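Me: Let's go through this chain step by step. Ask in order, and keep the answers short.

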Amino acid sequence: MKTKLFLTVLAAVALTIFGNQQSFAQNAKMAGNQTDLQFLDMMLMHHADGVKMSQMGIDKAQNADVKALAEKMNAGQQKDIGEMEKMREEHFSGQPKAEMMMVKGRKMTTEMMSKMAEEDMQKLENASGAEFDRVFLDVFMKHHQMAIEMSKEETGKGKDAEIKKKAREISMVQTKELGEMKRLKTKVASGKTMSGR
């Protein structure tokens, strides 16, 4: 009887230890993936705002090059959203959305991002004519810079190779577009297009 009781207790202890090990392993895995999850959720939100703003550029831009850039950014960010949604489903299905991520050592929350997006959208809605083009470029230059910093956070601290690759791609594309916007801003100020017309 004592032997049977001892074996029962031993089995219970073993199951508890095994269960704790699984729990610890799962927690460790989740901790390691937090940056990946935060990046996907926050970038999806950031891109969704970018799609809305770039659509305003398509609808309201006066300069042909600004309109063309808005169309390119709109298409590119919609493509990114589709790819990131698949990654989100594959790696973090059923998990609650991240509410924040660290950017350059500072906490960026969904609430903060929403507020900035609302302010930017208001600026675009209030602007018209040639002024709209200048405001559009200013707003998107700031928007792209944020995305580049978010991508750097993921490439530096993320764990998943596929998500880190996507972050590098976003950073590369938006850095190039940022350069285009800086050059285009000078052209817009002088009333010319990128081609000099």
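Reply: Accessible areas here come from the Shrake-Rupley method with a 1.4 Å probe; for residues, only the protein chains shown count as cover. The model is predicted: local features need pLDDT of at least 70, side-chain atom pairs count only at pLDDT 80 or more, and totals for chains, interfaces and linings use all residues. Residues are numbered from 1 along each chain as its sequence is written, and side-chain values use heavy atoms, without hydrogens and water.

Me: What share of the exposed area do carbon and sulfur atoms supply?
Reply: The chain exposes about 11,400 Å². The part supplied by carbon and sulfur atoms is 57%.

Me: In what order do the elements run from the N terminus?
Reply: Helices (H or I, at least four residues) and strands (E, at least two) are DSSP runs, numbered from the N terminus. The chain has five helices and two strands. Their order is α-α-β-β-α-α-α.

Me: Which helix gives the most to the largest nonpolar core?
Reply: A nonpolar core is a set of buried (under 20% relative accessible area, 1.4 Å probe, protein chains only) Ala, Val, Leu, Ile, Met, Phe, Trp, Tyr and Cys residues joined through side-chain atoms within 4.5 Å. The largest has 23 residues, with Leu137 among those with the most contacts inside it. Helices 1 to 5 each supply at least two residues. The top contributor, with eight residues, is helix 4.

Me: Which residues does Leu137 contact, leaving aside its neighbours within four places in sequence?
Reply: Contact means heavy atoms within 4.5 Å. On that basis, the partners of Leu137 are Val66, Met181, Leu184, Lys185 and Val188.

Terms used. Buried means under 20% relative accessible area, exposed over 50%, partly exposed in between (1.4 Å probe, protein chains only).
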